[in-house]
Amino acid sequence: MRNLAIVGIGLTKHVSKRRDVNIPELVYEAVKAALDDAGIHPKDLDALVTGNMPAFEGINCPELWGGGYWGGYRKPLIRITTGGSTGASVAQGAFYLVASGLYDIVLAVAFEKQSDGNTTIGLNTTALADVANMTAYGLSGPEIEASGAIGLFVYQATSYMAKSGCTIEHIDRAAAMLRNNAAKNPYAHLQQAGVTAADIAKTPMISYPLRFGHTCPTSDGACAMVLATEEKARKLSRKPVWVNGWAACSEEPAIVGLFGAGSINVDPAEQRSCKLAATKAYAMAGIKEPWKEIDLAEPYVPFAYQLFIYFERLLLCDEGNAPRLFDKGVMELDGNLPTCPSGAVVSSNAIGAAAMIRIAECALQIKGEAGQRQVTKDVHNAVAHGLGGQANLNVVTVLSDMPSRR
Amino acid sequence: MTQIEEHISISGKWPLSAYTWKVEKFLDRFTEGLHNKKIFGAKCSNCGTVFVPPVVICARCHSRMRLEKDQDWVWVSDMGTVIAYSISYLAVADGLRTRDPEKRPLFILVRLDGTDTAIFAELIEAPDEKIRVGMRVKVAWQEVPKGDLGDILFFEPS
Amino acid sequence: MAKSIEGDIRELTTNIDAEYNWSVGGYMEKFFRELKGKKITGIRCPVCKKVYVPPRMICEYCFAETKDWIEVGPRGTVVSYTYGNISIDMEKGGLKDREEPEIIALIKLDKAHSCIVHRIKKIDTADIKVDMQVEVVWADVTAGNLADIEYFKPVR
Amino acid sequence: MRRVAIVAYAQMKYTKNRNSSREVMIHDVAREALSMAGISKGDVDTVINAQNDYFDGRTISNMKTVASSGAYFKDESKIEMDGAFAAFYAYMRILTGNHDVAMVIGESMASCYPPYLPGIWSLDPTFDRPNGFLNEISAAALQARLYMHKYGVTEKQIAQVAVKNLKNANKNPYALRKMPQIAQKDVLQSRLLYAPIRELNAYPLTDGACAIILAEEGKARQIAKNPVWIAGVGCCHDTYFLGERELYECASLERAAEAAYKMAEIKNPQKQIHVVELHENFSHEELIYCEALGLCGRGKGGQLIDSKTTEINGSIPVNPSGGALSANPTYATGLIRLCEVAMQIRGEAGEHQVKHEVKIGLAHGQNGLCAQDNIVFILKGGDK
């Protein structure tokens with residue numbers, strides 16, 4: 001397989017509403033920034049990969065309308081959608097295209113403009129068919145909603161807490177750290193500099209153990225990246241960021257199976273698919289001891305407690321040990337393994353883009369271009385993560401300042 | 001067309017009401033058993049995985065579940081273990097059959113003994129502070145079960 | 001041939017519709033505002049000089065941001081046409097019969113390089129031709145929205 | 001570069017209203033393909049589903065098909081495009097060396113979604129969608145009219161495409177629309193939708209799924225006696241705006257074909273390609289596509305159909321299966337084309353097997369109004 005690298009990154013400032021632009025125009029901002037960063041014109045592109053969460057904007061395959069705005073005219077273009085993990089799946093689509101040997105320079109584009117739709121309905125549309133069947137067999141919509149769908153991440157949290165000794169205070173402090181990181185990130189949506197764990201603890205409880213301050217906003221935003229072969233990357237970028245390993249793994253949706261069946265993804269905190277994907281991605285990158293070799297992690301954290309669970313499921317420490325490492329300051333910007341320096345999904349969630357931004361953040365940190373939120377230590381290897389579906393698809397990418405294959 | 005924050009928007013919809021979804025009637029036999037306070041798990045004839053409620057396809061071994069014969073079903077316990085829980089602080093929505101309207105609902109994810117799956121349910125007859133992962137619970141049967149999924153919606157500490 | 005044991009199935013439905021509000025963006029906002037004054041507005045690419053209507057931010061052929069606003073039409077040329085004895089049922093999908101055929105055309109407005117798809121009235125379906133000249137018929141009261149362009153009619 | 005082959009495939013009897021869930025339908029074709037390959041789910045490294053949330057009525061539709069597609073604890077992904085693009089992505093995945101065996105499944109059920117609306121929901125929501133004039137049929141009609149006007153192609157010639165394909169469909173056990181006695185006048189007298197497109201010029205609403213299994217060379221030789229090699233592929237996205245596309249041509253298909261031909265070293269498609277399966281939603285498209293693929297000269301599509309060259313006994317049979325006019329489960333359709341070409345190359349097409357030897361075939365997939373996205377595969381039998 002040939003080596004490949006990220007040579008251009010473009011992000012939009014995430015906000016709750018971008019009513020001044022339509023979808024193609026919003027996404028163009030990220031695309032233009034990525035192309036400019038790489039110093040290329042769309043005519044230099046060999047292919048594009050794009051995706052978003054379809055139901056959230058009510059537009060079927062929006063790249064048909066907007067692809068031209070993103071440089072897609074008369075280019076190979078494919079659309080990949082996998083739920084919350086879409087951005088990471090789109091990026092991996094671009095990795096495959098470059099690594100295949102057929103396309104040298106590929107643009108990956110992911111976005112969401114949630115203000116055009118209604119996020120609650122958008123999430124409901126993932127399960128309408130299952131709810132309809134359970135309703136046919138005696139349950140009511142509110143019953144299913146209250147105990148099932150909305151509970152997914154709450155269940156994950158309580159199961160995880162029981163296993164790890166993670167407390168609600170840990171979650172408050174994690175949220176505070178992430179909010180402060182976000183305040184140093186000009187692209188992040190929530191800007192709450194100086195917020196403390198005590199402030200977070202005062203936010204209303206939604207469902208124990210999740211407080212409002214532990215949850216993500218809904219955002220409008222886009223992310224684009226230019227991927228290139230080693231030969232092209234060395235010409236285009238003074239500091240290409242190498243994509244050394246990647247993998248994804250699916251399991252069954254947690255909490256509710258198909259049409260109301262029991263789910264064999266029994267414990268939503270187990271996340272075996274994440275461990276498998278991480279194992280594969282590290283092996284591909286030649287990383288044997290991730291807890292030693294990885295310098296920075298960007299797990300997909302739409303709820304603050306997930307900082308801990310995915311730190312563990314990405315094999316960065318023993319299971320149950322993440323809260324203790326957090327207590328020691330390991331995950332801080334100046335820590336030994338800074339985690340979510342971007343401020344995480346919990347601070348900006350344009351769903352389709354969110355998992356790609358994790359990869360982009362790792363790349364910016366490796367390049368040393370993360371501005372105020374640049375971590376203290378030198379970053380050689382970083383791991384990015386995306387989570388999709390009902391906690392059933394995990395997507396892992398390993399990035400580095402050196403190519404692993406020579 | 002409406003004006004929102006001085007910007008022009010155009011509205012539209014996705015009429016999910018225009019869709020149908022086709023589903024095998026795989027829950028019929030399961031819910032019949034509930035009439036008699038019996039929970040039957042569907043056992044994959046290939047790999048032995050037990051599903052409650054049943055499923056049409058076993059993900060683990062990629063087999064189509066055969067739910068016609070008696071040997072494809074196993075009688076499982078109405079007792080189980082709490083895998084995870086949640087205490088809802090949200091206003092309780094209309095149509096929620098929680099048995100104590102004064103109290104915050106406790107929702108649990110339970111694995112019934114003898115099954116390989118989790119189901120969601122509501123825990124009743126238990127104070128907030130008693131709930132924990134690993135606690136043993138059993139179905140709180142109504143005197144005369146209706147023979148629908150609502151029969152196993154409520155659990156109590158065992 | 002793949003076979004399955006086809007037993008009874010249940011057909012499920014829901015009564016939920018998801019609603020959306022798409023912001024049209026600054027370029028289309030200007031287009032709509034100009035419609036109110038019975039003007040159809042296009043925009044020119046600074047590189048290839050092509051004029052697009054409805055206006056768009058990007059000329060995808062040059063990947064350049066468009067710049068100069070230009071009034072186009074109100075006359076145009078029929079590039080292609082069709083007439084439908086049916087329409088699509090926008091609520092339930094599928095085809096609906098229509099009492100009067102509707103003529104739909106790809107119309108290149110004067111001074112524009114792009115085409116819009118719109119309807120033509122005041123002509124028999126047998127008489128419509130490719131390359132014929134048509135002109136816009138405005139709504140009696142314009143409101144700055146798509147309904148302002150009521151239809152196109154042949155230039156006599 | 002690795003060589004990759006189609007090693008197994010599965011189709012099903014396409015119907016108007018299938019008596020099963022979508023998930024069971026997917027499971028059926030997945031099992032059938034595995035069974036043909038003689039492998040189990042455990043031998044598959046990656047699964048690519050071609051699905052669309054607006055057809056399935058479910059956001060993140062692929063999450064509930066992990067079980068049925070055999071993707072449990074696999075690297076699964078979803079292409080929200082015609083199934084041929086899913087095959088393309090699976091092919092890319094194997095080329096990298098990360099995966100050796102890939103399952104590709106495409107499906108849709110027209111009996112479950114509101115027909116034609118998903119196409120309307122892909123329109124520009126600031127203009128075309130609220131205007132309400134464009135849909136996949138009216139757009140195709142604008143294209144057909146322009147093509148006829150430009151090159152003098154007649155309605156009869158376009159009707160003849162439907163006649164040819166629907167006659168072929170009679171011999172295809174999977175086909176939905178079978179009309180043994182069909183003649184031009186049946187097409188020309190069928191219900192007028194948007195002139196000049198009539199009911200029999202248009203695809204039938206279909207429920208169905210298709211699966212293929214791809215494998216790299218070593219595995220392919222273990223699995224199949226007669227692997228069908230992917231010799232070339234190309235795809236291309238065009239502008240959204242119909243008025244800027246030269247609708248009487250299909251430039252994005254020309255680009256896609258150019259890339260595929262170059263890769264497969266096809267210099268003279270008319271001589272070198274032995275069978276063609278096109279994803280045409282409307283009969284006139286076949287003539288435009290044949291021109292774009294270089295199977296005849298520009299503007300010569302009408303003469304091509306008159307010449308009988310593209311009939312099942314002609315020198316370049318086009319759609320011996322009956323094509324999408326005989327069954328069109330959107331999102332499976334392009335994958336069915338790959339499957340049909342593989343069947344022809346392997347000599348497994350039964351009654352609709354073309355008479356001459358088929359060594360090289362072309363399969364086409366498309367997406368969007370008037371084929372905004374196109375993809376071309378060149379498949380080869382034998383040992384390259």
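What follows is a walk through a predicted model of a multi-chain structure, from overall confidence to chain contacts and then to sheets and helices.

As a whole, the prediction comes with an ipTM of 0.96 and a pTM of 0.97. For chain C, the pLDDT averages 94, and 96% of the residues reach at least 70. There is a weak patch in chain C, though: over residues 1-6 the pLDDT stays under 50, and for this stretch the model has 16 contacts beyond four places in sequence.

Chain A touches both chain B and chain D. On the chain D side, 52 residues of chain A are in contact with 50 residues of chain D. Quite a mix of elements in chain A supplies two or more residues here: helix 2 (54-57), helix 3 (63-66), strand 3 (77-79), helix 4 (86-99), helix 6 (128-136), strand 8 (241-250) and helix 12 (272-285). Helix 4 of chain A gives the most, with five residues. By residue type, the side of chain A that touches chain D splits into 25 nonpolar, 22 polar and five charged.

Turning to chain B, 45 residues of chain A meet 51 residues of chain B. Helix 6, helix 7 (141-149), helix 8 (152-164) and strand 5 (205-208) of chain A each bring at least two residues to this side, and helix 7 of chain A gives the most, with seven. The residues of chain A that touch chain B come out as 23 nonpolar, 16 polar and six charged. Strand pairing also crosses between these two chains: strand 5 of chain A and strand 9 (residues 79-88) of chain B run antiparallel and are joined by two bridges. In that pairing, Tyr208(A) sits opposite Ile87(B).

Within chain A, Ile121(A) is found in helix 5 (residues 119-124). Ile121(A) has 21 C-beta neighbours inside 10 Å, so it counts as buried. The C-alpha atoms of Ile121(A) and Ala233(A) are 42 Å apart, with their positions 112 residues apart along the chain.

Chain B has an open sheet of three strands, in the order 5-4-8 and with antiparallel pairing. Strand 5 (50-51) and strand 8 (73-76) of chain B are at the edges, each with a single partner strand, so one side of each has no neighbour in the sheet. Strand 4 (residues 39-43) of chain B is joined to strand 5 of chain B by two bridges, in the antiparallel sense. Here Ala42(B) stands opposite Phe51(B).

Chain D has an open sheet of nine strands, ordered 3-2-4-7-1-8-11-10-9, with mixed pairing. Strand 3 (75-79) and strand 9 (275-277) of chain D are the edge strands, each pairing on one side only. From one strand to the next, the twist averages 25 degrees.

Strand 11 of chain D is worth a closer look. On one side, strand 11 (residues 373-380) pairs antiparallel with strand 8 (residues 228-237) of chain D over eight bridges. Along this pairing, Phe377(D) is the bridge partner of Val233(D), and Lys380(D) stands opposite Trp229(D). Strand 10 of chain D also pairs antiparallel with strand 11, again over eight bridges, and there Leu362(D) has Ile378(D) as its bridge partner. Strands 10 and 11 of chain D make a hairpin with five residues between them, and Gly368(D) in the turn has a positive phi of about 90 degrees.

How many residues of strand 11 of chain D are buried? Eight of the eight are, so the strand is largely enclosed by the rest of the structure. Asp373(D), Ile375(D), Phe377(D) and Leu379(D) point one way, while Asn374(D), Val376(D), Ile378(D) and Lys380(D) point the other way, and all are buried.

Helix 15 of chain D lies across several strands of the sheet, including strand 1 (4-10), strand 8, strand 10 (360-367) and strand 11, and runs at about 175 degrees to strand 10. Helix 15 (residues 333-346) also meets helix 4 (residues 83-95) of chain D: their axes come within 5 Å and cross at roughly 65 degrees. The two helices are therefore roughly perpendicular to each other. In this contact, Gly83(D), Ala84(D), Ala86(D) and Ala87(D) of helix 4 meet Thr333(D), Gly334(D), Leu335(D), Arg337(D) and Leu338(D) of helix 15. These residues divide into five nonpolar, three polar and one charged.

Methods. Residues are numbered from 1 along each chain as its sequence is written. Chains are lettered from A and ligands numbered from 1 in the order in which they are written. This is a predicted model: local features need pLDDT of at least 70, side-chain atom pairs count only at pLDDT 80 or more; totals for chains, interfaces and linings use all residues. Two residues are in contact if their C-beta atoms, placed from the backbone, lie within 7 Å. Helices (H or I, at least four residues) and strands (E, at least two) are DSSP runs, numbered from the N terminus. Ala, Val, Leu, Ile, Met, Phe, Trp, Tyr, Cys and Pro count as nonpolar, Asp, Glu, Lys and Arg as charged, and the others, Gly among them, as polar. Axes are lines fitted to C-alpha atoms, for helices over the stretch in contact, and angles run from 0 to 180 degrees between N-to-C directions. Angles under 35 degrees count as roughly parallel, over 145 as roughly antiparallel, 65 to 115 as roughly perpendicular and the rest as oblique. Two strands pair if DSSP finds at least two bridges between them. pLDDT is the predictor's confidence in each residue, from 0 to 100. A residue is buried if 20 or more other C-beta atoms lie within 10 Å of its own, exposed if 12 or fewer, and partly exposed in between; C-beta atoms are placed from the backbone.
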